[in-house]
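Trainee: I would like to go through the labels attached to this model and hear the reasoning behind each one. Please give the value and then the cut-off it is set against.

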Amino acid sequence: MAGTEVNKNPENYGLKPELVWRFFFDISRIPRCSGNESGIRDYIRKFCERKNLKYVVDNSGNVVVHKFPGNSSKDTGIIFQSHMDMVCEKNSDCTHDFSRDPIRVEVVDGWVRARGTTLGADNGIGVAVMLAMLEEDSDYGFECLFTVEEETGLRGAFELEPGILEGRYLINLDTESEGIIYVGCAGGRDSDMVITVERIPSEIDSKVMKLHVYGFKGGHSGAEIHLGRENAIRAMARILYQIGRVVSLKLVDISGGDKHNAIPRECMCRISVNRYSTQLVRELAIHYFDMIKTELGEFESDIRIGVDEDKSVNETMDYESTKKLINFVLSLPHGVLQMSPAFKGLVQSSTNISSIKTEGNRIRIHSSHRSSSDSALQWIADAHRALSELAGAVINQDAGYPAWQPEPESNLVGIARKAIEKVTGKEAQIRAIHAGLECGILKRRIEGIEAISIGPTIIGAHSPEEKVNIRSVEVLWNVIKEILTIVSKGS
């Protein structure tokens with residue numbers, strides 16, 4: 001069934017709850033890539049002024065909204081939390097400008113998705129649900145925390161002003177599976193590696209060829225790292241390594257990936273080869289690409305390769321720099337490294353080669369690492385430092401963010417379990433997640449709180465395949481209202 005692009009009126013499409021979807025379509029028209037949250041922040045601020053709600057914008061740009069006392073009669077002590085920013089990814093043939101264009105939202109077979117870009121349901125649905133709750137004239141009191149720059153380093157959570165919130169329960173709305181209560185998440189660190197290359201004048205009898213691998217599924221480098229999807233950067237390194245065993249090649253440049261928390265979906269490079277070798281290079285590239293495609297099977301059934309002659313260049317990397325760079329990228333680990341001994345089927349440790357960029361004589365490679373074990377996270381970081389030392393690369397590593405240690409028997413977990421079972425008629429599942437969440441940081445910033453994370457069903461987050469299940473949004477809405485009812489009766 002073809003998608004139907006929707007406007008700001010969800011009632012025209014039978015989407016429920018209408019109030020949530022109306023807010024979601026509104027904010028989908030507001031640019032909000034990480035670091036550019038001013039538009040959505042102004043939207044929330046004006047909303048609060050219209051509703052006469054008390055709000056605070058802290059020094060980091062986070063927004064805290066209070067709906068008690070004075071606005072309600074029943075203080076539940078709940079803090080609802082979502083992040084305002086989104087991952088901005090698009091297909092290579094998409095002309096969308098994330099700095100000004102609204103997301104082109106469409107409805108397809110019970111799902112809402114976008115045309116050619118990420119949808120921003122991560123975490124736009126959470127933001128929309130919180131705004132809809134604030135819009136309703138209910139007696140329940142609660143607080144809402146809207147954070148900045150979650151997708152690029154959880155800055156809003158790290159820099160949240162102490163004492164700005166009063167609640168004792170934190171409900172994060174940033175997970176992506178209906179009926180599951182998440183009680184823990186992985187911590188993470190990043191490695192930024194730079195290899196300096198030597199450049200030489202192009203040889204007279206050389207030709208430049210452009211290799212482009214694309215069509216990879218990509219996805220969230222935490223929540224979807226276990227699905228067997230290939231990393232386009234690694235695939236390119238494999239192809240270049242094999243070509244280099246037969247043909248003398250020199251790299252001109254290479255680029256792939258963009259966001260640290262997304263599995264790269266495409267990679268492009270230009271290489272210089274002898275003019276008489278172009279047909280052989282073409283055949284080798286296609287041959288080794290086809291081998292990779294066969295190896296991956298249904299995990300990556302839509303991947304493609306382009307091999308074309310390109311315009312001439314004045315200089316290339318020298319042979320030794322080319323070989324060193326290809327060997328280094330090929331040696332970098334990617335994917336699942338350990339499974340959790342505590343939660344069956346949960347990834348404990350992983351790493352993702354998230355991007356590679358040519359910056360003149362410097363090639364910058366970024367990898368993001370995740371683990372629910374502090375010692376394993378240190379091991380992964382150490383391994384990248386050791387590889388960098390072997391390759392002569394300069395490496396910088398951040399301090400990272402902490403894992404959120406599970407508390408499956410907390411009072412809040414019990415409340416959420418009752419609410420889910422009443423709304424769905426099914427037993428709630430208690431899990432940890434391999435993706436990074438703000439809960440672990442916020443528990444350190446807000447003394448004494450209990451925390452959980454819940455959300456609707458979202459597939460393909462951090463990629464243009466992102467979509468959110470319509471029915472699951474209604475389930476989330478009803479679960480939240482039931483949680484408010486339970487807590488209110490018990491307070």
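Trainee: What is the make-up, by class, of the lining of the largest cavity?

Mentor: Its lining has six nonpolar, eleven polar and eight charged residues. Keep in mind that the model is predicted.

Trainee: Which residues lie nearest the centre of the largest cavity?

Mentor: Of the 25 lining residues, Glu-150, Glu-151, His-220, Arg-370 and Gly-436 lie nearest the centre. Glu and Arg count as charged, whereas Gly is placed among the polar residues, so Gly-436 goes into the polar class. Strands β10 (187–196) and β19 (362–371) each supply at least two residues of this lining.

Trainee: Why is this space called a cavity, while another is called a pocket?

Mentor: In a cavity a 1.4 Å probe fits but cannot get out, whereas a pocket is an open set of points. The largest cavity has a volume of about 230 Å³, and the largest pocket has a volume of about 490 Å³.

Trainee: How many cavities are there of 30 Å³ or more?

Mentor: The count is three. The second largest has a volume of about 60 Å³, so it passes the cut-off of 30 Å³.

Trainee: Which helix gives the largest share of the lining of the second largest cavity?

Mentor: Helix α11 (residues 470–490) does, with four residues. The lining includes Ser-472, Val-475, Leu-476 and Val-479. By class, this lining has six nonpolar, four polar and one charged residues. Glu counts as charged, and Glu-178 is on the list of lining residues.

Trainee: What lines the largest pocket?

Mentor: The pocket has 19 lining residues, and those nearest its centre are Ser-177, Tyr-182, Ala-223, His-226 and Arg-431. Ser-177 also lines the second largest cavity. Strand β21 (429–433) and strand β23 (458–459) each give at least two residues to the pocket lining; β21 gives the most, with three. The classes are ten nonpolar, five polar and four charged residues.

Trainee: What makes α2 and α3 roughly parallel?

Mentor: Helix α2 (residues 38–51) and helix α3 (residues 121–135) pack at an angle of about 10°, with axes 11 Å apart. Angles under 35 degrees count as roughly parallel, so the label applies to α2 and α3. Tyr-43, Ile-44, Phe-47, Arg-50 and Lys-51 of α2 meet Leu-131, Leu-134 and Glu-135 of α3. That contact has five nonpolar, no polar and three charged residues.

Trainee: Why is α1 called oblique to α2?

Mentor: Helix α1 (residues 18–27) packs against α2 at about 140°, again with axes 11 Å apart. Roughly antiparallel requires an angle over 145, and roughly perpendicular covers 65 to 115. The angle fits neither, so α1 is oblique to α2. Phe-23, Asp-26 and Ile-27 of α1 touch Ile-40, Tyr-43 and Phe-47 of α2. This contact has five nonpolar, no polar and one charged residues.

Trainee: What makes the protein as compact as a globular protein of that length?

Mentor: The protein has eleven helices and 24 strands. Its radius of gyration is 24 Å, and the globule rule gives 23 Å for 491 residues; the two are close, so the description holds. Along the principal axes, the C-alpha trace spans about 80 × 50 × 40 Å.

Methods. Residues numbered from 1 in each chain as written. Predicted model: local features only at pLDDT ≥ 70, side-chain atom pairs only at ≥ 80, totals over all residues. Heavy atoms only, no water. Axes fitted to C-alpha atoms, helices over the stretch in contact; angles between N-to-C directions. Contact = heavy atoms within 4.5 Å. 1 Å grid on protein atoms, 1.4 Å probe; cavity = no way out; pocket = protein on both sides within 12 Å on 5 of 7 lines; lining within 4 Å. Points joined across faces, edges and corners; volume = space filled by probe spheres on them. Rg over C-alpha atoms; globule rule 2.2 N^0.38 Å.
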